[in-house]
Amino acid sequence: MADVEKKVIEAIREYFQCRDKKKLLASLDAEYGAAGGKSSSQLNKHGKELLSLFASGSGPPFLASWEKNLPSAVLEKDRTCRRLEFGWQVHFAVYHLRRGSSPQSAECRSAMEIFKKFLENRGQLMGEFEEYSTFFALPYVPDAKKHKPFEHVFKDGWVVDLKTRLDAFLKSVLKEQHLPLLVKILQSGTSGSSSNGASSNGASKNGGGNTAVAGAALGGKETENLRLQLTECEERALLYIRRFNESQASYQSLLGVARDLVGTLQESVAGTPVSPQEIEQLCSRLAGSSLDRALDFSRPGSAVGALQSTITDMRTPKLQASQQQAAPLPSLDYNKIKTRLPQLSPKQAALLFQALRLRLTQSIDGYQRDCVISAYVEADILGCARPGKHRDAIQRALTSSKPELQESTM
């Protein structure tokens, strides 16, 4: 397409030069030079409409336009399309909450109901990905703003990133279809001349030209999809690099302490007295501020006990710090969950059980996890205390012939 546009500009310039249209020629050169001689991929009116609806939070019109204007093959099979669809569904579900509306307001409840229906239908396909499984609990959370797993969707950066990826995807799928007459003439002329040189068969000439154009369009779409996938991979790579650097720093620190411990042990074996101050210094490097300063290291046995306790604490320092700072998770509407459970299909029930299990396993060990377990027990989430439809649904899931449902329940 860029080559055809370049030929159009050259043809117009040649015409102006031939007719001695100096002002028009100067204007053309200035306009084309300001754009850098490059053509950009432009959205058609449907793509612009989708971006406008996204920014205004108009969920139902956005969904209608999305399903109407995107090709069915892209909607059903394109992985990037499914990821973006899940993202904008979350965006519209929390749009009014992000703007300060009450969770009990009519617009918030309506948005959550739409998101719940999406999860029960097309959204089920994304339940197999761990990054999206947390959102299956979103409709059952009283106030998602106070729920830590959903904090990032209320930040402006998340919305900007989602809109950028949506814009890039729409540009690759919904390009401007109207072509100027000069472009059509040059395209047909180029395909005709190349096919005349290649073969005398007219039908094969046109077919070859169409195949080339289709191949170029398909290549552009694949490039955009690969660019989106590359962005996601880069984000994950940065996260892993940061974790690696933290582990490397902890490893080097531990090596230094181990080296000093071995040196102290060698001095002790050789008969050199080890002062309590040296032991206290080593314990401080291991435990930091958590060391009990009231310990008397001059008393026999106290230094060894302190050293053993600091080495034990060193095994999981981040976990212990997070246990001390962890606050209980916001409560769920368990009555609503138990009421809805008997009405769900086996696959929907499996996704709900998976979300409940993730809430427990991903909570921080200690006070926060104890609160989750206590809430499950008090709400009788497994139906152990009181009989009824909820207990029957649990029993059916446990005895189901489908292994994935049994696994999610247990």
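**View 1. Two helices help line the largest cavity.** In this predicted model, helix H8 (106-120) and helix H17 (346-361) each supply at least two residues of the lining of the largest cavity. The cavity encloses about 140 Å³ of space. Its lining includes Lys116, Leu119 and Glu120. Phe136, Pro139 and Tyr140 also belong to the lining. So do Arg340, Leu344, Gln348, Leu351 and Leu352. Sorted by class, the lining has seven nonpolar residues, three charged residues and one polar residue. Rolling a probe the size of a water molecule over the atoms shows where empty space is left.

**View 2. The second largest cavity has a volume of about 40 Å³.** How many cavities of 30 Å³ or more does the structure hold? There are three. The second largest is lined by Arg82, Glu85, Phe118, Arg122, Leu125 and Met126. Three of these lining residues are nonpolar and three are charged. None is polar.

**View 3. Four residues stand out in the largest nonpolar core.** This core has 63 residues. Which of them touch the most other members? They are Trp66, Leu70, Phe86 and Phe169. Look at Leu70 and leave out residues up to four places away in sequence. Leu70 then touches Leu50, Leu75 and Cys81. Leu70 also touches Phe169, Leu170, Val173 and Leu174. In soluble globular proteins, nonpolar side chains tend to be buried together.

**View 4. Helix H4 has buried residues along one face.** Helix H4 spans residues 59-69. Its buried residues are Gly59, Phe62, Ser65, Trp66 and Asn69. Seen down the axis of H4, these buried residues fall within an arc of 130°, so they line one face of the helix. What lies on the other side of H4? Pro60 and Lys68 are there, and both are exposed. Several helices help cover the buried residues of H4. Among them are helix H3 (45-56) and helix H5 (72-77). Helix H6 (79-93) and helix H10 (156-173) are also part of the cover.

**View 5. His152 sits in a loop.** Where is this loop? It runs between helix H9 (130-133) and H10. His152 has a relative accessibility of 35%. Buried means under 20% and exposed means over 50%, with partly exposed in between. His152 therefore counts as partly exposed. Leaving out residues up to four places away in sequence, His152 touches Phe135 and Trp158.

Note on methods
Residues numbered from 1 in each chain as written. Predicted model: local features only at pLDDT ≥ 70, side-chain atom pairs only at ≥ 80, totals over all residues. Heavy atoms only, no water. 1 Å grid on protein atoms, 1.4 Å probe; cavity = no way out; pocket = protein on both sides within 12 Å on 5 of 7 lines; lining within 4 Å. Points joined across faces, edges and corners; volume = space filled by probe spheres on them. Helix = DSSP H or I, 4+ residues; strand = E, 2+ residues; numbered from the N terminus. Nonpolar A, V, L, I, M, F, W, Y, C, P; charged D, E, K, R; others polar. Core = buried A, V, L, I, M, F, W, Y, C linked by side-chain atoms within 4.5 Å. Buried < 20%, exposed > 50% of the residue type's maximum accessible area, 1.4 Å probe, protein only. Contact = heavy atoms within 4.5 Å. Arc of directions from axis to C-beta.
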